[in-house]
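Let's take a walk through a protein model, starting with the whole chain and then zooming in on a few spots. Keep the structure open while you read.

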Amino acid sequence: MKRNILLIISLLACCSVFAQGVKFDALSLDQALARAQAEEKLVFVDVTASWCGPCKLMFEEVLSRKDVGEYCNEQFICIQINVDNLEGKDFRKRYEVKSIPTFFILQKDGVVRHRLQGTRNPKEFLAWLERGENETSSLFFLNLLLDQKQKMSLQNTIDYYLILKDIRKLHEADSIRNILFEQTPFEKLTDRECWPLFNEDPYGSKYFEYVVKHGDKFRENQERDRIDDYLVRGYKQEIQRLMYDCQASTEAFDLIKQIVAVLSDPDCTIISKADKIKVVLTWAKEVKAFLESDIPGMIEGMRELVELNEWQDCLWHAMKYVGLNGKDEDKERVGQFTSKMLFEFANTPVEQWDFYQKFRYLGFPISCNGKFWRNALEQVKEKNKPLLVECVRGNDAYFVTRNWAWDLSERVVYLNSLCVCVRIDMDDPEVAFLKERFEITNYPAYFLLDKNGEVKYSWEGMIGEDQVFRDSLRKGLEGL
């Protein structure tokens, strides 16, 4: 067991492999191209830097995903190029990299087949990968058509519009979209093929209004849910913008009234499903109450949104208002649904703790540390891994502004590959028994437990250096 754990730690230290995501090989560009020729593959390049925040965001939210990893690892030879080293500087000059992150799909001769600048969500990134892997929708192929002055089909033109957006030539992309919108027959414009011309446009744009006007025809030619979801998103974002702006203007109330009137009409067919109409109307109710400083209305709107499994960052505006201005009974009412938000809306233990800190800071009654503890013990059995527990005191102001001890993305990947990790607020009476069980004398305190729940190693106090933390963990793992 000891030998296996040490091997895992060694591998994690020596190579850049995500648990389920993209596997980047430690190869130079020339080595990657040579391997691509031997294996008849393309080369995927992530141009990055250690100081680049958006690059880290892509690492955490996209490149580490299982579906993205499976696609890239199957289709490409994957490498990372750091712009700060010698090869990175050469690559940046050769391929005219002007900002990072930038992603390339290269053909085996090193020619750019496809390119992407900036961050994308997982769905958008996978769509970009697929367009690049498919020769006839790639940047290389479409540029070749243009250079040879060959006629482009409607699908070619739409693909080229998407490529221009990918490489941030937004003015040219918008010009092409306007031409397509004006010249494509109505029957084709409402087809699935032309949906990329509409699918990102906000409420109030001519494209959004076109979908509203011809919604029935769009639904007939495409998936009904796709059109409904697009319209719901547009109305929601416009209503939520009013909460972000925090401007209780006449125009804001008129807009809410207008949207509510349209969607409350019994004969309304703009959005076809009643449950999706209810989502928009509930957001309208919540934002109106917020702009009117109506605390009971805000709380009731929050409760309904939580029941509808709706959550957006802007809802923190209302929660913060209630926390700072509400009475104890108001906070008690909010406390009735914070647990659902904590365990259903937070996707990771780090997010859970972030939610917990905010709820506690705003004064909402919440007791969940017992569930944190029980869930962690269940995961230990399910995953057959040791348990790493960080015990803190939540009333310490330091922890209000601090995330986990392992809040760096690479540290999270490292720890999750070795342990089940949990953080416990020892000020919660529900977990008071742990203080005696662990004999805690100082905070934060760290405990490594085996799969039977027995403490095998512990250490206490602030750890300022990442390597010190890893060394402490390594010593504990060696003892298992």
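What follows goes from the overall chain to one helix, then to some aromatic rings, and ends with a single asparagine.

**The whole chain**

First things first: this is a predicted model. The protein chain has 24 helices and eight strands. If you lay the C-alpha trace along its principal axes, it spans about 75 × 65 × 35 Å. Of the 480 residues in the chain, 48% are buried. The accessible surface comes to about 24,300 Å², and carbon and sulfur atoms own 48% of that. Now take the contacts with a separation of 6 or more: 65% of them involve residues 24 or more positions apart.

**A look at helix H16**

Helix H16 runs over residues 295-307, so you can do a quick check on it: with 13 residues at 1.5 Å a residue, it should span 18 Å, and its end C-alpha atoms are indeed 18 Å apart.

Which residues of H16 are buried? They are Ile295, Gly297, Met298, Ile299, Gly301, Met302, Glu304, Leu305 and Val306. The cover over these buried residues includes helix H15 (274-291), helix H17 (315-325) and helix H18 (328-345).

Both ends of H16 have a detail to look for. At the start, a side-chain oxygen of Asp294 reaches to within 3.1 Å of the backbone nitrogen of Gly297. Just after the helix, Asn309 takes a positive phi of about 60 degrees.

**Rings that pair up**

The structure holds 38 aromatic pairs. Here are two of them:

| Pair | Distance between ring centres | Angle between planes | Type |
|---|---|---|---|
| Tyr210 and Phe218 | 6.2 Å | 85 degrees | edge-to-face |
| Tyr446 and Trp459 | 5.4 Å | 15 degrees | stacked |

Why do these two pairs get their labels? The planes of Tyr210 and Phe218 are at 85 degrees, and over 60 counts as edge-to-face. The planes of Tyr446 and Trp459 are at 15 degrees, and under 30 counts as stacked.

Tyr446 sits in strand E7 (residues 445-449) and Trp459 in strand E8 (residues 455-460), so this pair ties together parts that are 13 residues apart in sequence. Both Tyr446 and Trp459 are buried.

As for the edge-to-face pair, Tyr210 counts as buried at 16% relative accessibility, because the cut-off is 20%. Phe218 is buried too, with a relative accessible area of 0%. Tyr210 and Phe218 also belong to one aromatic cluster, whose members include Phe181, Trp195, Tyr207 and Tyr235.

Tyr207 has a charged visitor: the charged end of Arg177 sits over its ring, 3.9 Å from the centre. Elsewhere, Lys371 lies over the face of Phe343, at 4.2 Å from the ring centre.

**One asparagine: Asn369**

Finally, find Asn369 in helix H20 (residues 369-383). Is Asn369 buried or exposed? At 0% relative accessibility, it counts as buried.

What does the side chain of Asn369 make a polar contact with? One partner is the side chain of Tyr356, at 3.1 Å. In addition, a polar atom of the Asn369 side chain lies 2.8 Å from the backbone nitrogen of Asp425. Setting aside neighbours within four places in sequence, Asn369 is in contact with Trp353, Tyr356, Arg423, Ile424, Asp425, Asp428, Glu430 and Val431.

Key: Residues numbered from 1 in each chain as written. Predicted model: local features only at pLDDT ≥ 70, side-chain atom pairs only at ≥ 80, totals over all residues. Heavy atoms only, no water. Helix = DSSP H or I, 4+ residues; strand = E, 2+ residues; numbered from the N terminus. Expected span 1.5 Å × (residues − 1). Buried < 20%, exposed > 50% of the residue type's maximum accessible area, 1.4 Å probe, protein only. Contact = heavy atoms within 4.5 Å. Polar contact = N/O pair within 3.5 Å; in protein donor to acceptor, adjacent residues only side chain to side chain. Phe/Tyr/Trp six-rings, centres within 6.5 Å; stacked < 30°, edge-to-face > 60°. Lys NZ or Arg CZ within 6 Å of the ring centre and 35° of its normal. Areas by Shrake-Rupley, 256 points an atom, 1.4 Å probe, with all protein chains shown as cover.
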